Amino acid sequence: MVLCYSFCFLFLLFLHNISFSESLKSGFSVELIHRDSPKSPFYRPTETHFQRVQNAVLRSIHRANYSRLDHDVETTVTPSTGDFLMKYSVGTPPFQIFGVVDTGSSTVWMQCQPCKNCYKQDRPIFNPSKSSTYTRIPCVAAECLSVTTTFCDFNNGKHCAYKIGYGDGSISKGDFSRDTVTLTSSSENRPIRLLRTAIGCGHDNVGTFDREHSGIVGLGRGPFSLASQLRPDTGGTFSYCFTPMFEGEIKPSFLHFGDRAEVTVKTAVPTPMVINNEASFKYYLVMEAMTVGSKRIEFPRNGGEGNILLDSGTTLSFLPDQVYSALEAEMVNAVNLVRTDSPIKKLKLCYELTSGRKYQIPTVFAHFKGGAVVELHSINTFLKVSETKICLAFAPRPKAVFGNVAQQDILVSYDTQHNTVTFLNTDCTSEL
C-alpha cells in the first residue's frame with residue numbers, strides 16, 4: 001500500500017508536470033500596469049493628465065540620454081524610466097512584488113533582506129530566509145559562468161553573485177539565486193507557478209531607483225530574462241498590445257506568452273531580429289524606410305547590424321537627424337494647422353488646435369526588412385500635450401528607438417526561437 005501511495009504520487013506529479021507544461025505552451029496572459037494607471041503604485045491622483053504626458057516625455061528623454069553601448073553594462077538605461085509594471089510573487093509562501101517590465105534588460109531582480117545598502121522602498125522587502133523554495137546558485141553551476149553579470153563570490157560561501165550596472169551609474173548587486181515565481185493569468189485568473197526561476201536577490205542597490213517598485217522584470221534576449229526562462233515551456237513566443245496611454249482613461253494592456261502570443265493573420269509579415277554585438281541582449285530590427293504620402297524616406301543602414309531598437313520602456317521614438325528632418329518636413333507640408341511653440345522643450349513640431357477646425361494627420365508607413373510594413377496613425381505619431389496643442393512624438397537622436405507611443409494599438413509578437421518580430425495593427429482594447 002505504501003509502495004502504491006508513493007508510485008501514485010509520483011505518477012500524479014508526472015501528469016501534473018506534463019499538463020502544466022502543456023498549459024504554458026497553450027498560452028497565458030499577464031496584465032501590464034501602466035505607471036499612470038490607478039492600479040499603479042506610481043499613481044498620483046493630484047496630477048493632471050497633461051502633467052503625466054509631460055512626465056512621460058521627460059522620462060523618455062532621460063532614458064535616451066543615458067542609453068549607451070557598453071560591454072560592462074547589462075542594461076544601458078536608467079532603472080526607473082520604464083512605463084509598465086507587472087505584479088507578481090516570489091517565494092513560498094508567495095510574496096507580492098511590483099517590478100518594472102523592460103525589454104531592454106535581461107535579468108529578473110528584486111530588493112532582498114538583509115539590506116547592505118538598499119534604496120528606500122514603499123512596499124515590504126522580500127526576505128529569502130522566509131521562503132522554503134529559495135536556494136542560492138553555487139559557483140560551480142553553469143549559470144554562474146554563462147553571462148558577464150554573474151560571478152563567483154568567494155567571500156560568501158562560494159555562491160554565485162550578480163552585478164548589474166545602468167547607464168546613469170545605478171547599480172544592483174547581490175545573490176544570484178533560484179526561487180518560485182508566481183504570475184497570475186489574467187484570462188483564467190489562475191496562478192502560474194514557475195519553479196526554480198533564476199533571480200537576482202539584491203542586497204546592495206544604489207542609484208536612481210524609485211521607491212514605488214521592488215526591481216526589474218527583464219524581457220530581453222539574455223538567458224535569464226523572464227521570456228528566455230519561459231522559452232522551453234512556451235516555445236519562445238511572447239507579445240504585448242499597448243492600449244492608448246494618453247487618450248483619457250487608461251485601459252489594461254497585456255503581456256502574452258506561448259500560443260496566445262502568436263500572430264495568426266496570414267498577411268502579417270515577420271521581420272528578423274538582428275543581433276548588435278555590443279548589445280546582444282536587446283531587440284534590434286532593420287528599418288529600411290518611412291513613407292509619408294508619396295515621399296519615401298530612406299533609413300541609414302548600420303552595416304550588418306540592426307539600426308533601430310524596439311523598446312517597450314521609452315515613450316517617444318527617436319530617429320537619426322536626417323530621417324527626423326525629412327519626416328518633420330513632410331508633416332509640415334501635410335498638416336493644415338498653425339505651428340506653435342512646444343510646452344515641452346524637446347518636442348520640436350507642435351500645432352495649435354482650433355475649435356471647430358477639421359484637420360488630418362497623414363499615416364506614416366514604417367518599412368522593415370523582410371517586407372513587414374507597420375501603419376502609424378495619428379495615435380502613434382502625435383501626442384496631445386495640452387488642451388489646445390499636439391506635438392510630433394518623434395525626436396532627433398543618433399541612435400534610433402521605436403518607442404511605445406508608436407506601438408499603441410499594434411500587437412507586437414516576439415518569436416525568440418526563429419528570431420523574428422511580427423507587427424499587426426489592431427484595436428488593443430478588443431482584448432479586454
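How many bridges join strand E15 (residues 287-292) to E16, and in which sense do the two run? The answer is 4 bridges, with the strands antiparallel; the legend of Figure 2 returns to this pair.

This is a predicted model, in which local features need pLDDT of at least 70 and side-chain atom pairs count only at pLDDT 80 or more, while totals for chains, interfaces and linings use all residues. Residues are numbered from 1 along each chain as its sequence is written, and side-chain values use heavy atoms, with hydrogens and water left out.

**Figure 1. The whole protein.**
The protein has 5 helices and 28 strands (DSSP runs numbered from the N terminus, helices being H or I with at least four residues and strands E with at least two). Its radius of gyration is 22 Å, close to the 22 Å that the globule rule gives for 432 residues, so the protein is as compact as a globular protein of that length. The radius is taken over C-alpha atoms, and the rule is 2.2 Å times the number of residues to the power 0.38. The C-alpha trace spans about 80 × 45 × 45 Å along its principal axes. Of the 432 residues, 55% count as buried (under 20% relative accessible area; exposed is over 50%, and partly exposed lies in between, with a 1.4 Å probe and protein chains only). Among contacts with a separation of 6 or more, 68% are between residues 24 or more positions apart (contact means heavy atoms within 4.5 Å). The accessible surface comes to about 18800 Å², and carbon and sulfur atoms hold 54% of it (Shrake-Rupley method with a 1.4 Å probe; for residues, only the protein chains shown count as cover).

**Figure 2. The open sheet E16-E15-E21-E22 and helix H4.**
In this order, 4 strands form an open sheet with antiparallel pairing (two strands pair if DSSP finds at least two bridges between them). Strand E16 (295-298) and strand E22 (373-376) are at the edges with a single partner strand each, so one side of each has no neighbour in the sheet. From one strand to the next, the twist averages 20 degrees (axes are lines fitted to C-alpha atoms, for helices over the stretch in contact, and angles run from 0 to 180 degrees between N-to-C directions). The 4 bridges of E15 and E16 are shown here; alanine 289 has glutamate 298 in E16 as its bridge partner. Helix H4 (residues 321-334) packs on the sheet and touches E15, E16 and strand E21 (364-368). The direction of H4 makes about 165 degrees with that of E16.

**Figure 3. Strand E7 and its two hairpins.**
Strand E7 (residues 159-165) is mostly covered, with 5 of its 7 residues buried. Strand E6 (residues 150-153) runs antiparallel to E7 and is joined to it by 4 bridges, and phenylalanine 151 stands opposite alanine 161 in E7. The hairpin of E6 and E7 has 5 residues between the strands, and glycine 157 in the turn has a positive phi of about 70 degrees. E7 also pairs with strand E8 (residues 171-185), antiparallel, over 5 bridges. Lysine 163 has lysine 173 in E8 as its bridge partner. In the hairpin of E7 and E8, glycine 169 takes a positive phi near 95 degrees.

**Figure 4. The surroundings of serine 131.**
Serine 131 lies in the loop between strand E4 (108-111) and strand E5 (135-136). Its relative accessibility is 8%, so serine 131 counts as buried. The side chain of serine 131 reaches the backbone nitrogen of threonine 92 at 3.0 Å (a polar contact is a pair of N or O atoms within 3.5 Å; within protein, one must be able to donate a hydrogen and the other to accept it, and residues adjacent in sequence count only if both atoms are side-chain atoms). Not counting residues up to four places away in sequence, serine 131 touches Gly91, Thr92, Phe126 and Asp179. Proline 93 is 38 residues from serine 131 in sequence, with 6.3 Å between the C-alpha atoms.

**Figure 5. Serine 225 and helix H3.**
Serine 225 is in the loop between strand E10 (215-218) and H3, and is buried at a relative accessible area of 0%. The side chain of serine 225 reaches the backbone oxygen of glycine 220 at 2.7 Å. The buried residues of helix H3 (residues 226-234) include Leu226 and Leu230. Glycine 235 follows H3 and has a positive phi, near 80 degrees.
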